[in-house]
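Here is a short briefing on how protein and DNA meet in one model. Look at the structure first, then read on.

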2 protein chains.
Amino acid sequence: MRSSQPAGLLPQPPSPITDDGDEEHFCHSCSFSSACNAVGQGKPELNALQCLVEHVGPYQGGQHVFRTGDPFRSIFAVRSGTVKTSVVDRDGREQVLGFYLPGEVIGLNAIYPDRFPCDAVALETARFCRFQFPAMSALASRMPVVQQHLFRLLSKELGAATLLAGDHSADERMAAFLTDLSERYAARGFSSTSFHLSMSRGDIANYLRLAAETVSRVLSRFRSQGLIEIEGRELTVSDPEGLRMLGQNLLPS
Amino acid sequence: MRSSQPAGLLPQPPSPITDDGDEEHFCHSCSFSSACNAVGQGKPELNALQCLVEHVGPYQGGQHVFRTGDPFRSIFAVRSGTVKTSVVDRDGREQVLGFYLPGEVIGLNAIYPDRFPCDAVALETARFCRFQFPAMSALASRMPVVQQHLFRLLSKELGAATLLAGDHSADERMAAFLTDLSERYAARGFSSTSFHLSMSRGDIANYLRLAAETVSRVLSRFRSQGLIEIEGRELTVSDPEGLRMLGQNLLPS
DNA sequence: GTTTTGAGTTGACTAGGGTCAAGGCGCTCT
DNA sequence: AGAGCGCCTTGACCCTAGTCAACTCAAAAC
């Protein structure tokens, strides 16, 4: 199953960025690790999970992983790369819903409508673990720990969505966004103070419900205040605590 | 179990508003009906569900059903009355997260943190079905239909939270809010064109991330445009289609 | 090498909605 | 009845962030 490729895509040589790395380490930093590990500890259910997990990709930057309205059949855990989810409203305007880093899961919001309610686009070359959902759901019935994990993932995402809905200033939003990204990178074993923004200013602006110009201005202001250093899409957080203070009202707990 | 009361509350005579009504009809309009019905069709699991459901209340308007930080032990289905959920941020400002009508479920966002992440306050005399969650979760493992129902409820709420996060004008937000309320009342068997707003203008404003004055102004404008009639908290929707058009970008599907 | 294109930055102006303030209406409590 | 209070409405003003526009820069296309 390691070698499976989506139809129509040529396999390409692995690069340092997109290489899956060793399974042990990758799974350790994956949102599903507790579920997967629970299954993978020599129990007979191991085979069950292996049947419903499939490694897919690579998707090149700009390619769709799924589109609004596609029938819901599986959820995806990001193995490498970054993904943006978005909807387009009736006026044709895009609304960015979220960015997903390696180890995070997309597609959970499709369970209810039974169709994907948003687009998912790779921002850079990306690979995934694809979990067949009906089978996953069935497995969850037999394995409480898997069920619990799904409940928690859903509930967690619900909490995250709620935070963005508050009325907050541009500075608060940006500070919270950067702090959140920093912590998510840290949780996956990357540097928390220095990383690459894989999304454009426009995407950030859209996600934070600001104008692209405002994002530019706020970043410039943060730089002149010594909170961050930024050049293009390379970001260094100089004052993590200062940023955290600014964004605290938007951050969990 | 029908007669259980929270400690410290005197039973009070049922009123037309707060009376549970007959079980059959109530359950028919409840979000949990498909799960409950599946369980209650003469199967042995009937007893299991009855053990974990408890009818609680009445809570008077202003009373807390649960508070932020309370340990998570159960979810609640509203049987009668209306409930507001909210958080207070570090500056002490309240943020209204949602309003819940009879037949709707509160507490799902507590699964992940394992504590309630928000307050829930009755806006008017309210009664509930309380479901012990660990037991419910265990039941879900044995009964796929219950599990599926929980997944769907969570995923549905996730979709709803996402909609509020967009950047929309005051008019769009208010129109979508009224249309949504109207449809939820209709789904529960009440009039969709004429109903009582159980929350204050301030609560509506807070929920929609507007100022109370703006809510007032928008409602006045809607009235002068012939979209609604409103007197105090009594609302009549004169032009449902017009409202729907206005709020369409915020409404599901 | 030149042109084109798109992302990003910065400045000037504008507008939607927040804030402040005053006043009306309908409660409840003496 | 009168006082007090909370909720609501309306008006005047202001501020944050959006819009429009000009310009830079780097990478891709020719």
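Helix 8 of chain A is the top contributor to the surface near DNA strand C, giving four residues. For DNA strand D, helix 8 of chain B gives the most, also with four residues. The model is predicted.

**Around DNA strand C**
- There are 16residues around this strand, and the nearest include A:Ser216, A:Ser220 and B:Thr214.
- Three of the residues near DNA strand C are nonpolar, six are polar and seven are charged.
- Sugar or phosphate makes up 64% of the strand C atoms within 4 Å of the protein, and bases make up the rest.

**Polar contacts to DNA strand C**
- The side chain of A:Arg217 places an N or O atom 3.0 Å from a base nitrogen.
- B:Glu213 also faces a base nitrogen, with a polar side-chain atom at 3.1 Å.
- B:Ala211 uses a polar backbone atom, 2.9 Å from a phosphate oxygen.

**Around DNA strand D**
- This strand has 16 residues around it, with A:Ala170, A:Thr214, B:Arg201, B:Ser216 and B:Ser220 the closest.
- Of the strand D atoms that come within 4 Å of the protein, 60% belong to sugar and phosphate.
- Helix 8 of chain A, along with helix 7 (201-208) and helix 8 of chain B, each supply at least two residues of the nearby surface.

**Polar contacts to DNA strand D**
- Phosphate oxygens lie 2.8 Å from a polar backbone atom of A:Ala170 and 2.9 Å from a backbone N or O atom of A:Ala211.
- A:Glu213 has a side-chain N or O atom 3.1 Å from a base nitrogen.

Methods: Residues numbered from 1 in each chain as written. Chains lettered and ligands numbered in written order. Predicted model: local features only at pLDDT ≥ 70, side-chain atom pairs only at ≥ 80, totals over all residues. Heavy atoms only, no water. Near = heavy atom within 4 Å. Polar contact = N/O pair within 3.5 Å; in protein donor to acceptor, adjacent residues only side chain to side chain. Nonpolar A, V, L, I, M, F, W, Y, C, P; charged D, E, K, R; others polar.
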